[in-house]
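Biologist: I'm new to reading protein models. Could you walk me through this one, feature by feature?

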Amino acid sequence: MDINTRIAQRLRDLRTARGYSLETLAERSGVSRSNISLIERGQSSPTAAVLDKLAIGLSVALASFFEDSSDSDPGTAPSPLIRAADQPQWQDPASGYVRRRLSPPATSPLQLVEVVFPPGQRVSLDSAVHDADIHQQVWLIEGRMDLTVGETTWALAAGDCLAMQLNQPIVFHNPGAQPARYVVALTTLSFAPTARRKP
């Protein structure tokens, strides 16, 4: 499945599962109703910042948009294996960073994502998912990355691993001259589907 189609389908599914209208999600996320509609129809390629706002409005991790409930045949348990060639990739239109979903379709509390982040680029995410308890670790494999979590900046070199909770703004910045490559592991410990995000 094309990655933009996957994102469109997941956005519709997540919004519908919560009973949100386009207007409700627009109010909760700060993304315009027309933009959400375009994304759901596969007519717009959202940036990481826009997906982050939508994730916050839906009280899910940004990685949720890259899952696909149709990865297996109906009536068949999702596979615990995903081959490298089948791992979906997405490129942020704004920064050019590339994320690859490593985790197989089988249900698991843990998700793994590989990111290649271009030199000199910066991505700022609100990441304050108020209705869910989401924890994330970033393990830098190659290059350098500066991660600002809240008001604290952590300079990571190859081999370093940083743990954080997605309850405050996070800025990803590659200060080096070469691409950085890292793995993100995240898990959602709890979710309150009926809770409203406070304005």
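Modeller: Sure! One idea before we start: a residue counts as buried when its relative accessible area is under 20%, and as exposed when that value is over 50%. Keep in mind too that this is a predicted model.

Biologist: Let's try that out. Is Ser 37 buried or exposed?

Modeller: Ser 37 has a relative accessibility of 14%, so it counts as buried. You'll find Ser 37 in helix α3. Its side chain also makes a polar contact, at 2.4 Å, with the side chain of Arg 41.

Biologist: And what about Ala 163, buried or exposed?

Modeller: Ala 163 counts as exposed because its relative accessibility is 55%. Look for Ala 163 in strand β8, which covers residues 161–165. Leaving out residues up to four places away in sequence, Ala 163 touches Gln 136 and Gln 137. You can also check a distance: the C-alpha atoms of Ala 163 and Val 149 are 9.9 Å apart, and the two residues lie 14 apart along the chain.

Biologist: Let's zoom out. How many helices and strands are there?

Modeller: The protein has four helices and 10 strands. Follow the sequence and you get the pattern α-α-α-α-β-β-β-β-β-β-β-β-β-β. Of the 199 residues, 44% are buried. Now take the contacts between residues at least 6 apart in sequence: 67% of them join residues at least 24 apart.

Biologist: How should I think about the inside of a protein?

Modeller: In soluble globular proteins, nonpolar side chains tend to be buried together. In this model, the largest nonpolar core has 49 residues, and Leu 54, Phe 65, Phe 117 and Tyr 182 have the most contacts inside it. Helix α4, residues 48–58, contributes the most to this core, with seven residues.

Biologist: What does Leu 54 contact, apart from its neighbours within four places in sequence?

Modeller: Quite a list! With those neighbours set aside, Leu 54 is in contact with Leu 11, Leu 25, Ser 29, Val 31, Ile 36, Ile 39 and Phe 65.

Biologist: Why is α4 described as largely enclosed by the rest of the structure?

Modeller: Just count: nine of the 11 residues of α4 are buried, so the helix is largely enclosed by the rest of the structure. Among those buried residues are Val 50, Leu 51, Asp 52, Leu 54 and Ile 56.

Biologist: What comes right after α4?

Modeller: Ser 59 follows α4, and its phi is positive, near 60°. Ser 59 has this positive phi although it is not a glycine. Ser 59 sits in the loop between α4 and β1 (89–91). Ser 59 counts as buried because its relative accessible area is 4%.

Biologist: Last one: how do I describe two helices packed together?

Modeller: You give the angle between their axes and the distance between the axes. Here, try helix α1 (residues 3–17) and helix α3 (residues 33–40): their axes come within 7 Å and cross at roughly 120°. That angle makes α1 oblique to α3.

Biologist: Which residues meet there?

Modeller: From α1 you have Ile 7, Ala 8, Leu 11, Arg 12 and Arg 15, which meet Ile 36, Ile 39 and Glu 40 in α3. Sort the residues in this contact by class and you get five nonpolar, no polar and three charged.

Key. Residues are numbered from 1 along each chain as its sequence is written. This is a predicted model: local features need pLDDT of at least 70, side-chain atom pairs count only at pLDDT 80 or more; totals for chains, interfaces and linings use all residues. Side-chain values use heavy atoms; hydrogens and water are left out. A nonpolar core is a set of buried Ala, Val, Leu, Ile, Met, Phe, Trp, Tyr and Cys residues joined through side-chain atoms within 4.5 Å. Buried means under 20% relative accessible area, exposed over 50%, partly exposed in between (1.4 Å probe, protein chains only). Helices (H or I, at least four residues) and strands (E, at least two) are DSSP runs, numbered from the N terminus. Contact means heavy atoms within 4.5 Å. Axes are lines fitted to C-alpha atoms, for helices over the stretch in contact, and angles run from 0 to 180 degrees between N-to-C directions. Angles under 35 degrees count as roughly parallel, over 145 as roughly antiparallel, 65 to 115 as roughly perpendicular and the rest as oblique. Ala, Val, Leu, Ile, Met, Phe, Trp, Tyr, Cys and Pro count as nonpolar, Asp, Glu, Lys and Arg as charged, and the others, Gly among them, as polar. A polar contact is a pair of N or O atoms within 3.5 Å; within protein, one must be able to donate a hydrogen and the other to accept it, and residues adjacent in sequence count only if both atoms are side-chain atoms.
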